[in-house]
Each structure stands twice: as structure tokens, then as C-alpha cells.
Amino acid sequence: MERIFVSSCLLGALVRYDGGAKTLDSHLLEKWRAEGRLVPLCPEVTAGLPTPRPAAELEPGARADEVLTGQGRIYDKDGHDMTAAFVRGADLALQTAQKAQCRFALLTDGSPSCGSSYVYRGHFDGTRQPGEGVVAARLRRAGVAVFGQDQIGDLARALDIAENTPV
């Protein structure tokens, strides 16, 4: 049975920067939870960041892979450099996913950690731009297939293919 690494805020955990959750109401998620497939984690909280905490974004123009190699930064809205905590969270997320043998991940889009198709542009003005967060980047580079919460149907199809394709 394939395991799925999942952003814990999608399961209702109150771990987001604003102290809330981003609960995903999905019969698929409930089915996978009942089957014991889910490996939930909030990389930011696991890295030691508090809840609530100031919003954080990749610096303008930076990409997640640049942050992971020390060439880009993540700042909170108060101007504090949060890069080390976010990179630590990405490393812990990868360790958790590998330990549980997750080949798939369901992450919260928009986050500087978990964004899989978009992040915010770094000006704290609510403007999105294509890109990924540091956790999504770290997992993808390790061979984990990453999906955003709006791609849960695509994840279900990928799981079906993985589990029904002869080895």
C-alpha cells in the first residue's frame, strides 16, 4: 500500500501561520486516512516555528531550489530572515517521507514550504506566482510525486496506476 506524505493543515491541524487550518474536505482524504496511508506533518512547526507566526514568503525573484542551496532567502512580513527554519523543515519533511517510504505527497499550495504549483511573490500583497516551496522542491528532487490540494484527483489516479501496474 502506497503511503502519502500530507501537510497536516489539510487534515485540520491548527498549524498554519495564522493559527488556523486549511482543512480539505474530501472523501478521498478520508478514505486514505481510514486505510492508514497518510503521513501528516507540518514542516514549519516540526522545525520549531510557533503557531501563530508572522506570514513568510520567498524573497522577490527567489526560487525554492535557490533557497535550498543558500542563494535565496525566506523572510517573514516583519523582515526577519526565516530561511534556516524553512530549510530545516524541508529536511525534516524529507526524512519523514523517506522513513515512511512515501512516493507521493499532498501539500498546501501557496506556502513557502509546501507550495507545489504557486507561491506568493514576496511582497506580502497576496499576489501569486508560479513556483514551489522548499518542501515541495526537496521532495520532488528526491523522487516523491508532489500534488497540491487542488490536484487530489490527479493524486488518486497516480496512486491507482502505481498500485495496479505490475512490477
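In which helix is the place of Glu44? I began the notebook with this point, working from a predicted model.

**Entry 1: Glu44**

I located Glu44 in helix 2, which covers residues 43-46. I then asked whether Glu44 counts as buried or exposed. Its relative accessibility is 10%, and the limit for buried is under 20%, so I recorded Glu44 as buried.

I next looked up the polar partners of the Glu44 side chain. One polar contact goes to the side chain of Ser113, at 2.9 Å. Another goes to the side chain of Ser111, at 3.5 Å. Leaving aside residues up to four places away in sequence, I listed the residues that Glu44 touches as Leu49, Arg53, Phe86, Ser111 and Ser113. Phe86 also appears among the buried residues of helix 4, and I turned to that helix next.

**Entry 2: Helix 4**

I checked the length of helix 4, residues 83-99. With 17 residues at 1.5 Å a residue, the helix should span 24 Å. The C-alpha atoms at its ends are 24 Å apart, so the expected span and the model agree.

Which residues of helix 4 are buried? I noted Thr83, Ala85, Phe86, Val87, Gly89, Ala90, Ala93, Leu94 and Ala97. After the helix comes Gln101, for which I recorded a positive phi, near 60°.

**Entry 3: Helix 4 against helix 5**

Two packed helices are described by the angle between their axes and the distance between the axes. I therefore looked up both values for helix 4 and helix 5, the latter being residues 134-141. The two axes come within 9 Å and cross at roughly 40°. I accordingly entered helix 4 as oblique to helix 5. The crossing is right-handed.

I then listed the residues that make the contact. Helix 4 contributes Phe86, Val87, Gly89, Ala90, Asp91, Ala93, Leu94 and Ala97. Helix 5 contributes Val134, Val135, Arg138 and Leu139. Phe86 thus serves in the contact with helix 5 and also touches Glu44.

**Entry 4: Ala21**

Lastly, I looked up Ala21, which lies in the loop between strand 1 (3-7) and helix 1 (27-34). Its relative accessible area is 30%, and I therefore recorded Ala21 as partly exposed.

How far apart are Ala21 and Leu11 in space? I noted 7.8 Å from C-alpha to C-alpha, for a separation of 10 residues in sequence. Not counting residues up to four places away in sequence, Ala21 touches Cys9, Gly12, Ala13, Leu14 and Arg16.

Note on methods: Residues are numbered from 1 along each chain as its sequence is written. This is a predicted model: local features need pLDDT of at least 70, side-chain atom pairs count only at pLDDT 80 or more; totals for chains, interfaces and linings use all residues. Side-chain values use heavy atoms; hydrogens and water are left out. Helices (H or I, at least four residues) and strands (E, at least two) are DSSP runs, numbered from the N terminus. Buried means under 20% relative accessible area, exposed over 50%, partly exposed in between (1.4 Å probe, protein chains only). A polar contact is a pair of N or O atoms within 3.5 Å; within protein, one must be able to donate a hydrogen and the other to accept it, and residues adjacent in sequence count only if both atoms are side-chain atoms. Contact means heavy atoms within 4.5 Å. The expected span of a helix is 1.5 Å times one less than its number of residues. Axes are lines fitted to C-alpha atoms, for helices over the stretch in contact, and angles run from 0 to 180 degrees between N-to-C directions. Angles under 35 degrees count as roughly parallel, over 145 as roughly antiparallel, 65 to 115 as roughly perpendicular and the rest as oblique. A crossing is left-handed if the near helix is turned anticlockwise from the far one by less than a right angle, and right-handed if clockwise.
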